[in-house]
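Biologist: Could you take a close look at the place where the ligand is held, and explain how the parts of the chain are arranged around it? Please define each term as you go, since the account is for a first-year student.

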Amino acid sequence: MRDEAVTVPSDAAFRAAVLERLSSDHGGRRDLCSVRRAMAAVLRGVVVPIWQSALERGAGHKRVAYLSMEFLIGRLAGDTLLSLGLRDAAKAVCLELGLTLDDVLEVEPDAALGNGGLGRLAACFLDSMATVGCPAVGYGLRYEHGLFRQGIEDDKQTETPEDWLSRGYPWELRSARSYGIGFFGTVTDGVWKPSETIWAQGYDVPVPGWQGSFAGTLRLWAAEAVQSFDLGRFNGGDHVGASETEASARALCRVLYPDDGTEAGQTLRLKQEYFLSAASLADLLADHRAAGLPMETLPDHVAIQLNDTHPAIAGPELMRVLIDEEGLEFDAALKLARGVLNYTNHTLLPEALESWPEMLLGWLLPRHLEIIRMLAGAMPGAGILGGSEVRMGNLAFAMAGRVNGVSALHTELMKETVFAGLHRQHPERIVNQTNGVTPRRWIAGCNPGLAGAVTAAIGEGWLTDLERLGELEPLQPGVVEAMAEVKRANKVQLAAWLGATQGVQVDPGAMFDVQIKRIHEYKRQHLNILETIALWQEMRDAPQAGWVPRVKIFAGKAAPGYHFAKEIIHLIGKVARMVNADPVTGDLLKVVFLPNYNVSLAERLIPAADLSEQISTAGKEASGTGNMKFAMNGALTIGTLDGANVEIRERVGAENFLLFGMTAEEVSSRRAIPDHAATAIEAEPRLARALEALRDGTFIPDWPDLFAGIADNVSGPDHFLVASDFADYWRAQREADRWFADADGWAEKAALNVARSGWFSSDRTIRGYMADIWGISPVSA
Ligand code: 26W
């Protein structure tokens, strides 16, 4: 329910304001970009008062500081128009200007300040905290370049800098908040004298809740030189040196590190992590002091959430401030720190668990290394130090009041594996908070047809109380048909877009089978493409065998240094080229790899999907959030018992989920069997034949063994058990064919996935954090 104090302009007032901005800011130009910017400026003018009134209403209320190196925001105009009920008004003014709203929204660059799941989760959380009334500040970095732009040349990934800021960012306000952050230097008797200082300048992006009911803040730190230009050096003729400090400051937040857990450990990355942590702590402590509150009461006023270990250095930084600046004793400082700090783990992959060499930490942050050694001394069993490395996961765990996993299975595996020892010492500390996604963007925003069908069936209000989707049951025939019609219309629209932009003609009546996520061995895109090859080969053997037509859609970026993942992209491209040109299989099978996967492309694909590929090796995907978006948009999941797939299957019903593969337990025992892959291949000629095609030049005649690397891996070490899970995956895919062939049956299963996925709203997740971790109650409306 919107804050009455805040007014949203009438459609007429909105129109007038946009036209006025077009003339005042853009000299009356009416090109897409000018209209987009004029509309953004008007919307910002509506959002800022909502934001300020929410800050007043939240004053004195306990709030959360969500520290994250990533916020994968995507676009904001469409979301904001929807939230404020101005979409139709915007449609009308665009039409009047001879444009379409979709085209205007299309020119907004994605704010791609994240790699994947972790970053997008943080963005969904901002929307939910603002909507449920949880006072919050999301703290992040204002990278000049977000996640790289992916090109596909000759079926291979290329990377070019992303430049979301090249034309400014209309949604941000330069904040009055800025702090000097120190690096390097020396420590004498506990007193740190940094030898380099870089200025952290805040930029605020207001985050309005649904219908302006409340609002939060995204505060992004930019790095600026204390002294941007050295006139003396310039006059001395050293023209380049004169802006050296500015260049080195600017380098700090120049670009987002593009790896999502494949490799870590660069000095600049640690500098970025400390810059975020120190500036954010300085900011929230400044507020606390400004409110005249004694430091000891900090836990009553603020909860800090560390989004994985990336901002974990915030723990030692808080200790430094409390001990060196506030004069607290070590134990008192640690007690207070544990009263505010909480840590979320998002991965069990050993290569993604951050640890920093003591030498590097001691060089960059000498006082913090001293404090970390004191912490390790005070908690000998915590495993903070090991092999001259500082283990950031153990440090975060040891300093946190609460530690959480992101799905029920993941949280149990945390207790049994990476944190087994710490869990035994602190059995109450680990709790679960299964992920969620915001239904505003991921249903109403990207699938207005479905939103309309749901509202027609159960009325308004479900968007902020998503478990009301359950009222769709018992399913009314008209509702199932309406949803099936929406899916069909979305598929027709996507088919048109694929034809226009990718030159691929697909049949909207075919099953749209979609795997979109970062490319990673544990996510097993190579299992999917091997099944695709086997399907193609069998279709060619018997094209008249009554196959269910398939469109296989892939998208996702590989970390630039991750060679195997890049080869998987290359293979998918080569298979697509061959299959799509094959007259024998014709429209029975089409394969597409879409370049530059990002939030906006996900919004275009998910509403048109029939089958959601969630096929990771069990025990490897901490949760997944794409799986939730697909289910609530009426796609059926083919997946393993991994991450949140387990809970999706529990809630939508086993009969509405295509399960296959080993469980996490079976995975660890299968891995122990020597030659597990060779044995599996021997027993599965279909797989052997598909692997042979990777060796015999089927997809690249003049370079037959190009993909031998992938074949050797799957038939050799096969760490992620592609070979062992293949047969059951094939069985599940053929079962999907049979289900899809029964259109009414499929439509009902799809509708039940929608009706039963309400729990996967990030509003439910945030209410869990508020109750179980932060101790925050919503600000009353
Ligand atoms: C240090 C490099 C690095 C960068 C990012 C290491 C690890 C990461 C992230 C933790 C990777 C990530 O995005 N994890 C994903 O987090 C999602 C939100 O909780 C989960 O749904 C996914 O399962 C998990 O892979």
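Modeller: The chain is divided into domain 1 (1–60 + 76–108), domain 2 (62–68 + 110–433) and domain 3 (439–765), with bounds that come from an automatic or database domain assignment. This is a predicted model, in which local features need pLDDT of at least 70 and side-chain atom pairs count only at pLDDT 80 or more, whereas totals for chains, interfaces and linings use all residues. Residues are numbered from 1 along each chain as its sequence is written, and side-chain values use heavy atoms, with hydrogens and water left out.

The shell around the ligand draws at least three residues from each of domain 2 and domain 3. In total, 20 residues surround the ligand, a residue being counted if one of its heavy atoms lies within 4 Å of the molecule. The closest are His346, Asn435, Glu621, Ser623 and Gly624. Helix 6 (residues 117–132) gives the most to this shell, with three residues; helices here are DSSP runs (H or I, at least four residues), and strands are runs of E of at least two, both numbered from the N terminus.

By character, the shell divides into seven nonpolar, seven polar and six charged residues. In this scheme Ala, Val, Leu, Ile, Met, Phe, Trp, Tyr, Cys and Pro count as nonpolar, Asp, Glu, Lys and Arg as charged, and the others, Gly among them, as polar.

Several polar contacts (pairs of N or O atoms within 3.5 Å; within protein, one must be able to donate a hydrogen and the other to accept it, and residues adjacent in sequence count only if both atoms are side-chain atoms) can be described. A backbone N or O atom of Gly624 lies 2.8 Å from an oxygen atom of the ligand. An oxygen atom of the ligand is 3.0 Å from a polar backbone atom of Leu118, and the side chain of Tyr522 has an N or O atom 3.0 Å from a ligand oxygen. Taken alone the ligand exposes 560 Å², and the protein buries 96% of that; accessible areas come from the Shrake-Rupley method with a 1.4 Å probe, and for residues only the protein chains shown count as cover.

As for domain 1, its C-alpha centre and that of domain 3 lie 37 Å apart. Five residues of domain 1 are in contact with five residues of domain 3, where contact means heavy atoms within 4.5 Å.
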